[in-house]
Amino acid sequence: MARTQSFDRDTVARAARTLFWSVGYESASIPELESATGLSRSSIYNAFGSKRGLFDAAVQSYLDEVVRPRLRPLSGESVEPDAIIVYLQGLHDAFGTLTSMPATHGCLLVNAAGAPIAQDPKVARVIADYREELHDAFARGVEAHDPRLDADDRERLVTAITSSVVAAFALARIDAAEAARGVASAIELLTLRTRAAAGS
């Protein structure tokens, strides 16, 4: 008879997520994954098919448990006018907390975008979809924050904010303080554009 699975897949994916987030897909060795998850190599392969299968599960865990809860105030049926500011300020504060994962390790998917794993078309698609998810959430946030902006101005502002956030995530591992300044610039840009729209 086959052995009954005695571990929770979500817990394992979460543990692997932390390791992949910290060191990247390529640098995470099977022995390190065994140590992080508490599973043997054979159990990892039986449950997830491969190291890559475990990475896919970790990425899904990252999206479901880290990214989307933070974006939820920007992506629900009703978006509060200050939701985009709250999101950006929260990210700014996370970069300023040197023990936080964003400050020490940036973003799992932005990190993957600069690694060899991004050459895999499926991973590249997940990364592109993630950026689009950020963009769409920020678009809703900007529109709720200042509905007076015309479509072209709003799109330029949303693109700038999205680029600033992605750049901040990429920079965080090297200089978290500079990443925080990048997000502060996005907040300032949003505030200045809103003031300009009010005066027009």
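**Figure 1. Overall view of the predicted model.** Of the 200 residues of the protein, 42% count as buried in this predicted model. The secondary structure comprises 10 helices and zero strands, and from the N terminus on the elements run α-α-α-α-α-α-α-α-α-α. Along its principal axes, the C-alpha trace of the protein spans about 75 × 35 × 30 Å.

**Figure 2. Close-up of helix 9, residues 151-172.** The 22 residues of helix 9 reach 31 Å from the first C-alpha to the last, which is close to the 32 Å expected at 1.5 Å a residue. The buried residues of this helix are Asp153, Arg154, Leu157, Val158, Ile161, Thr162, Val165, Ala168, Phe169 and Ala172. Seen down the axis of helix 9, these buried residues fall within an arc of 160°, and they therefore line one face of the helix. Asp152 and Arg156, on the other side of helix 9, are exposed. The start of the helix is also shown: there, a side-chain oxygen of Asp150 comes to within 3.1 Å of the backbone nitrogen of Asp152.

**Figure 3. Close-up of Asp146 in the loop between helix 8 and helix 9.** Asp146 has a relative accessibility of 1% and counts as buried, because the cut-off for a buried residue is under 20% relative accessible area. The side chain of Asp146 is joined to that of Arg148 by a polar contact of 2.8 Å. Leu190 lies 44 residues from Asp146 along the chain, and the C-alpha atoms of the two residues are separated by 9.4 Å.

**Figure 4. Close-up of the second largest pocket and its lining.** The space in this pocket amounts to about 170 Å³. Its lining consists of 13 residues, and those nearest the centre of the pocket are Val66, Arg70, Tyr87, Leu91 and Phe169. Two or more lining residues come from each of helix 4 (51-75), helix 5 (83-96) and helix 8 (121-145). Helix 4 gives the most, with five residues. By residue class, the lining divides into 11 nonpolar, one polar and one charged. Phe169, one of the residues nearest the pocket centre, is also among the buried residues of helix 9.

**Figure 5. Close-up of Ser61 in helix 4.** Ser61 has a relative accessible area of 8% and is buried, since buried residues are those under 20%. Ala16 is 45 residues away from Ser61 along the chain, and the C-alpha atoms of this pair are separated by 9.6 Å. Helix 4, in which Ser61 is found, also gives five residues to the lining of the second largest pocket.

**Figure 6. Close-up of Asn46 in helix 3, residues 41-48.** Asn46 has a relative accessible area of 68% and is exposed, because a residue counts as exposed at over 50%. Asn46 and Lys122 are 76 residues apart in sequence, and their C-alpha atoms are 22 Å apart in space.

Methods
Residues are numbered from 1 along each chain as its sequence is written. This is a predicted model: local features need pLDDT of at least 70, side-chain atom pairs count only at pLDDT 80 or more; totals for chains, interfaces and linings use all residues. Side-chain values use heavy atoms; hydrogens and water are left out. Helices (H or I, at least four residues) and strands (E, at least two) are DSSP runs, numbered from the N terminus. The expected span of a helix is 1.5 Å times one less than its number of residues. Buried means under 20% relative accessible area, exposed over 50%, partly exposed in between (1.4 Å probe, protein chains only). The arc is that of the directions from the helix axis to the C-beta atoms. A polar contact is a pair of N or O atoms within 3.5 Å; within protein, one must be able to donate a hydrogen and the other to accept it, and residues adjacent in sequence count only if both atoms are side-chain atoms. On a 1 Å grid over the protein atoms alone, a cavity is a set of points where a 1.4 Å probe fits but cannot get out, and a pocket is an open set with protein on both sides within 12 Å along at least five of seven lines; lining residues have an atom within 4 Å of a point. Grid points are joined across faces, edges and corners, and a volume is the space filled by probe spheres set on the points. Ala, Val, Leu, Ile, Met, Phe, Trp, Tyr, Cys and Pro count as nonpolar, Asp, Glu, Lys and Arg as charged, and the others, Gly among them, as polar.
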